[in-house]
2 protein chains.
Amino acid sequence: MKKKLGRGVAIVGAGMSNFGAFPGKATRDLFVEAFSDMIASVDKGLDPNDIEALYIGNYSSDLFEGQGHTAPFMADWTGLTPRPATRIEDACASSGVALRQGIIAIASGLYDVVLVGGIEKMTDLPTSEVTDTLATASDVLYEIPAGFTFPGFYAAMATAYMDRYGATPESFMRVGLKNHENGALNEKAQYGATIRQVMDSKIAKAKAKGRPEPTWADEMEFMHDDRANPIIAWPMRLFDCSPISDGAAALLLVSEDIAKSFSADPLFVIGTGQASDVALHDRQDLTTLRAAKLAGEQAYEMAGLKPEDIKAAEVHDCFTIAEVIATEDLGFFPPGKGYEAAEEGLTRRNGPKPINTSGGLKSKGHPVGASGAGQVVEIWKQAHGSAGERQAAHDVNLGLTHNVGGTGQTCAVHIFERR
Amino acid sequence: MKKKLGRGVAIVGAGMSNFGAFPGKATRDLFVEAFSDMIASVDKGLDPNDIEALYIGNYSSDLFEGQGHTAPFMADWTGLTPRPATRIEDACASSGVALRQGIIAIASGLYDVVLVGGIEKMTDLPTSEVTDTLATASDVLYEIPAGFTFPGFYAAMATAYMDRYGATPESFMRVGLKNHENGALNEKAQYGATIRQVMDSKIAKAKAKGRPEPTWADEMEFMHDDRANPIIAWPMRLFDCSPISDGAAALLLVSEDIAKSFSADPLFVIGTGQASDVALHDRQDLTTLRAAKLAGEQAYEMAGLKPEDIKAAEVHDCFTIAEVIATEDLGFFPPGKGYEAAEEGLTRRNGPKPINTSGGLKSKGHPVGASGAGQVVEIWKQAHGSAGERQAAHDVNLGLTHNVGGTGQTCAVHIFERR
């Protein structure tokens, strides 16, 4: 059954805070930065009083900051009290799903102007507690007692994928190299440096300290070095894993009919999809995410598009294997061919199917509840040709975002059009 | 500006688990119980495959159970994977707000059949940790360092109210007495006993153990006894505070046009309202909740009704003072007159404005994320004349629910009609 929204929705503003580690800043501070950045992007100007409701994606301010009930605080700190403020939680897909709720809310006729946000403040906790907190996004009754944490889950997917399709750890390294190449050109990225820059800086540091200089022939040798790029959960090494991050993003959604009064060039939402799945331990196949496939199919069907129509996509590369699988689940490449596409450079920003021009979660950072909304900020920039040096080689009039929660128990996919 | 939903929505099924303390049961178990109870209430039958999406209200499975990403688990355990499953968090208003999202989602045209749930599992933690977890629903940066916990917040409201309007601690005790009177007739209530029954049982226990028997002349003397009814945060005593509870509730929402194919007697949603507010420390007035007033006004306006039209209401009596304030914020009684109405018995189930016929959060229990959806279960029963001995004296064709998050930083109000 083909589903249709009651009326069209457009994005007319998109902004984000820097992603990184910001001691002393709470999510409310980061959200104010994202909100201000979003307002600056509304080219015909925004009176914040026009905003009628807020949907805030957040994974676990409860565990990360000891603060629950986060949505009304975001309303307060942006001056939007007493607007209805609703927090959406679907693990790392929280703000992708919040976006979907914002779209649905406008389509319902109840609101014309909605603020969608994503927030997460992860770096106050020690790394081991962050890992434990993230693990609560899996099945704590059946999976955590088996000793799994997230690098382990995705390592299991990676080994299953390698076994079935013949990919190697180098296939995944190509994804990390590419995403750092893009992120190096993103001034808001947490790790805005190419792998070569990281390598050169390590060599320079050793030199400066009079230590023996490492002798890496090239980035791939660096990537294989157990000290430079340690194994986290084989085959996932450090540069296969997204970092622990603080950050926020904000999107302004309006009904299609008033979009032009906010922006000369709105980004129309032409497809939305969301699906759930069982926990990883219960799945038949570890080499694909069913929720992502279904969410993608829903979005394509609503948009009346095919995977080949998409000009650029931000996909959920919490680990490099996740990006490879995403490009297959979304139909960009056939099952088992995503790793070859990555190796061949097809997903680089000058390739036919640019993926994660922002640097992706890997290089830009992964403040989990903010990542889905952050993806849309990049598509907004690519669609408007304002992505600077990391602008895709071809025009991005059609873009897609793919936001995954946990091991794929949630996925939200959205398709956007600049007309 | 009067807001209108794109299309009408009706509730065609409503169920709940028992509320109480259930060691060994996780939220997923409780939700399955609520789901089964809901299915049994759909008089023309339900094929669960017709359900297209889930909205799950939950405050903090993260802190209570160490489990985040709860929504897809609820889909899995009710056999509804891969439907989109979204968790809504607005503290104790989580499932009232989840209900609103379910309504909006159907109004948008995207879905015709939506499951709205509420879940919370609080009793695994020691009481002090439950108190700390609930405190995360207030402002942890500005309020918790001042030593506040929730009984303290509501005690501050109670003293401000007493100071302004001349109410006494006895005024609030009347609310507790009345709610236990109702809850004693609710087979799913956590504390399903009248205060007199509690009193008599304490006397009987003393007798059985050969201890000196307490000599309480009546319930009011019992309520004033510092050992029987200890002060938690003056003037709030034990029987002014809702308990720590486990529980779940489930509601089936469908678009108005198909409602009759599920139920001979659907409960139509004719009004919805939601608002946010600043944290308590930032407010001018502690004797009213602005978010509740605004949410109520929105719901009345949408329904085209006035407070006097409402035949019965379930309001958020997390503390007895909260019920008094709620009955004023909703316009049932003028400001400062709610306590007199309680004293005069106007809110008893045989009175002109029955409030919390279910027993309210006080007696029925307060599994925080489930409470808002649980309120609707009671209105469903009252509207259908199926509330048994606690059925209101007059016909309840129009009912209202009022669900508050934290100290009132969120409020959701809904109005229902049996036609």
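Strand 3 of chain A (residues 85-89) and strand 3 of chain B are joined by three bridges, and the two strands run antiparallel. Bear in mind that this is a predicted model. One pairing to look for is A:E89, whose bridge partner in strand 3 of chain B is B:R87.

**Where the chains meet**

- That strand pair belongs to a wider meeting of the two chains: 52 residues of chain A are in contact with 52 residues of chain B.
- On the side of chain B that touches chain A, at least two residues each come from helix 2 (61-65), helix 3 (70-77), strand 3 (85-89), helix 4 (94-107), strand 8 (267-276) and helix 10 (290-303).
- Sort the residues on this side of chain B by type and you get 24 nonpolar, 18 polar and 10 charged.

**Chain A as a whole**

- If you're counting elements, chain A has 14 helices and 11 strands.
- Measure out a box along the principal axes, and the C-alpha atoms of chain A fill roughly 60 × 45 × 45 Å.
- Chain A's radius of gyration is 20 Å, which agrees with a compact globule, because a globule of 419 residues would come out near 22 Å.

**Inside chain A**

- Of the 419 residues in chain A, 65% are buried.
- Now take the contacts in chain A between residues at least 6 apart in sequence: 77% of them join residues at least 24 apart.

Technical notes. Residues are numbered from 1 along each chain as its sequence is written. Chains are lettered from A and ligands numbered from 1 in the order in which they are written. This is a predicted model: local features need pLDDT of at least 70, side-chain atom pairs count only at pLDDT 80 or more; totals for chains, interfaces and linings use all residues. Two residues are in contact if their C-beta atoms, placed from the backbone, lie within 7 Å. Helices (H or I, at least four residues) and strands (E, at least two) are DSSP runs, numbered from the N terminus. Ala, Val, Leu, Ile, Met, Phe, Trp, Tyr, Cys and Pro count as nonpolar, Asp, Glu, Lys and Arg as charged, and the others, Gly among them, as polar. Two strands pair if DSSP finds at least two bridges between them. The radius of gyration is taken over C-alpha atoms; the globule rule is 2.2 Å times the number of residues to the power 0.38. A residue is buried if 20 or more other C-beta atoms lie within 10 Å of its own, exposed if 12 or fewer, and partly exposed in between; C-beta atoms are placed from the backbone.
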